[in-house]
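Please read the following account alongside the sequence and the coordinates, moving from single residues to pairs and then to the packing of whole elements.

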Amino acid sequence: MPADDEDLRRDFEAFMKENDRELASVARRYAGFNGLPEAAGKDIAQDALCIAWGAWGKKLAGADCGRRIAFVYAAMSYKAREEQRSRRRAGELQDPSDMVNFEENGASYEDRHLARTALRVLSDAMAKLPDEERLILDLAIACVSRGQIAAQLGVATTNVTTKLHRARKKLRRSIDPDVLAELGIGRGGNPAGGAQ
């Protein structure tokens with residue numbers, strides 16, 4: 001193996017080791033949010049890292065950690081949606097609300113019902129967004145900064161802010177105002193979370 005290939009491999013392994021827990025956690029969230037079993041998170045993470053390795057020498061070798069993470073998150077989002085489509089065609093898709101064990105948290109029946117409804121409504125509303133807006137919202141939910149999202153997508157940060165605002169606005173329009181109020185994400189609320 002040439003020296004530069006060995007350096008790339010070491011750099012990639014160091015990145016994975018440094019970010020292992022965070023990447024695994026985000027992959028599980030993508031799996032759950034797309035109605036996939038938690039175990040699918042491992043496959044999503046592995047597939048996304050394979051995509052990242054393929055781009056490592058070309059795009060990511062000299063990039064900062066934030067851009068690398070944003071690239072992997074974008075790949076995870078893509079792989080989770082791809083797996084969701086595949087399972088939907090095969091009739092194997094789970095309802096995201098069935099995957100949350102609220103009983104362990106000691107939540108009341110009403111809180112559990114509200115949380116399940118919220119997951120279902122939000123998942124359905126996000127599925128209706130255009131791919132780019134959904135990806136930006138996915139990355140914002142995963143707490144990727146707008147600057148990192150912009151770097152990954154090759155657009156200006158203001159463009160990301162605008163698309164994120166549009167996506168949130170579409171979510172608010174597609175979700176019943178009473179549900180938004182119950183969820184605490186009505187006017188002035190932030191359904192996407194995300195870092196600035």
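For what follows, a residue counts as buried when its relative accessible area is under 20%, as exposed when that area is over 50%, and as partly exposed in between. With this cut-off, Lys-79 at 16% relative accessibility is counted as buried, because 16% falls under 20%. The model is a predicted one, and the confidence attached to it is therefore worth keeping in view, since pLDDT expresses the predictor's confidence in each residue.

The protein chain has an average pLDDT of 75, and 72% of the residues score at least 70. Over residues 95-100, however, the pLDDT is below 50, although this stretch has 18 contacts in the model beyond near neighbours in sequence. A further stretch, residues 187-196, also stays under 50 in pLDDT, and for it the model has 24 contacts beyond four places in sequence.

As for the overall architecture, the secondary structure comes to eight helices and zero strands, so that the pattern read along the sequence is α-α-α-α-α-α-α-α. Of the 196 residues in the protein chain, 40% count as buried. Among contacts between residues at least 6 apart in sequence, 66% join residues that are at least 24 apart.

One place where separated parts of the sequence meet is found at Trp-53, which lies in helix H2, residues 40-60. Leaving out residues up to four places away in sequence, Trp-53 touches Leu-8, Arg-9 and Phe-12. The C-alpha atoms of Trp-53 and Phe-12 are 7.3 Å apart in space, while the two residues are 41 residues apart in sequence. Trp-53 has a relative accessible area of 39% and is therefore partly exposed.

The charged side chains can be taken up next. Side chains of opposite charge can pair when their charged atoms come close. By the rule used here, the count comes to eight salt bridges. One of them joins Glu-6 to Arg-10, with the closest N and O atoms 3.9 Å apart; both residues lie in helix H1, residues 3-33, and they are four residues apart, about one turn of the helix. Arg-10, at 47% relative accessibility, counts as partly exposed. Glu-6 and Arg-10 also belong to a network of salt bridges that links them with Asp-7, Arg-9 and Glu-13, and Arg-9 is one of the residues that Trp-53 touches.

A second pair, Lys-79 and Glu-82, forms a salt bridge in which the closest N and O atoms are 2.7 Å apart. Lys-79 and Glu-82 both lie in helix H3, residues 65-90, where they are three residues apart, about one turn of the helix. The partners fall on opposite sides of the cut-off for burial, because Lys-79 is buried at 16%, whereas Glu-82 is partly exposed with a relative accessible area of 29%.

A third pair is Glu-132 and Lys-163, whose closest N and O atoms are 2.5 Å apart in a salt bridge. This pair links distant parts of the chain, since Glu-132 is in helix H5, residues 131-141, and Lys-163 is in helix H7, residues 157-174, 31 residues apart. Glu-132 counts as partly exposed at 35% relative accessibility, and Lys-163 is buried with a relative accessible area of 18%.

The two helices joined in this way also pack against each other. H5 and H7 pack at an angle of about 95 degrees, with their axes 9 Å apart, and they are therefore roughly perpendicular to each other. The residues of this contact divide into seven nonpolar, no polar and six charged; among them are Ile-136 and Leu-137 in H5 and Leu-164 and Leu-171 in H7.

Also in helix H5 is Arg-134, which is buried with a relative accessible area of 10%. Apart from its neighbours within four places in sequence, Arg-134 is in contact with Arg-81, Met-126, Ala-127 and Leu-129.

Helix H7 has another partner in helix H6, residues 146-153, for the axes of H6 and H7 come within 8 Å and cross at roughly 105 degrees. That angle makes H6 roughly perpendicular to H7. By class, the contact of H6 with H7 has four nonpolar, three polar and two charged residues. In this contact Arg-146, Gly-147, Ile-149 and Ala-150 in H6 meet Thr-157, Val-160, Thr-161, Leu-164 and Arg-168 in H7.

Definitions and conventions:
Residues are numbered from 1 along each chain as its sequence is written. This is a predicted model: local features need pLDDT of at least 70, side-chain atom pairs count only at pLDDT 80 or more; totals for chains, interfaces and linings use all residues. Side-chain values use heavy atoms; hydrogens and water are left out. Helices (H or I, at least four residues) and strands (E, at least two) are DSSP runs, numbered from the N terminus. Buried means under 20% relative accessible area, exposed over 50%, partly exposed in between (1.4 Å probe, protein chains only). Contact means heavy atoms within 4.5 Å. A salt bridge is a side-chain nitrogen of Lys or Arg within 4 Å of a carboxyl oxygen of Asp or Glu. Axes are lines fitted to C-alpha atoms, for helices over the stretch in contact, and angles run from 0 to 180 degrees between N-to-C directions. Angles under 35 degrees count as roughly parallel, over 145 as roughly antiparallel, 65 to 115 as roughly perpendicular and the rest as oblique. Ala, Val, Leu, Ile, Met, Phe, Trp, Tyr, Cys and Pro count as nonpolar, Asp, Glu, Lys and Arg as charged, and the others, Gly among them, as polar. pLDDT is the predictor's confidence in each residue, from 0 to 100.
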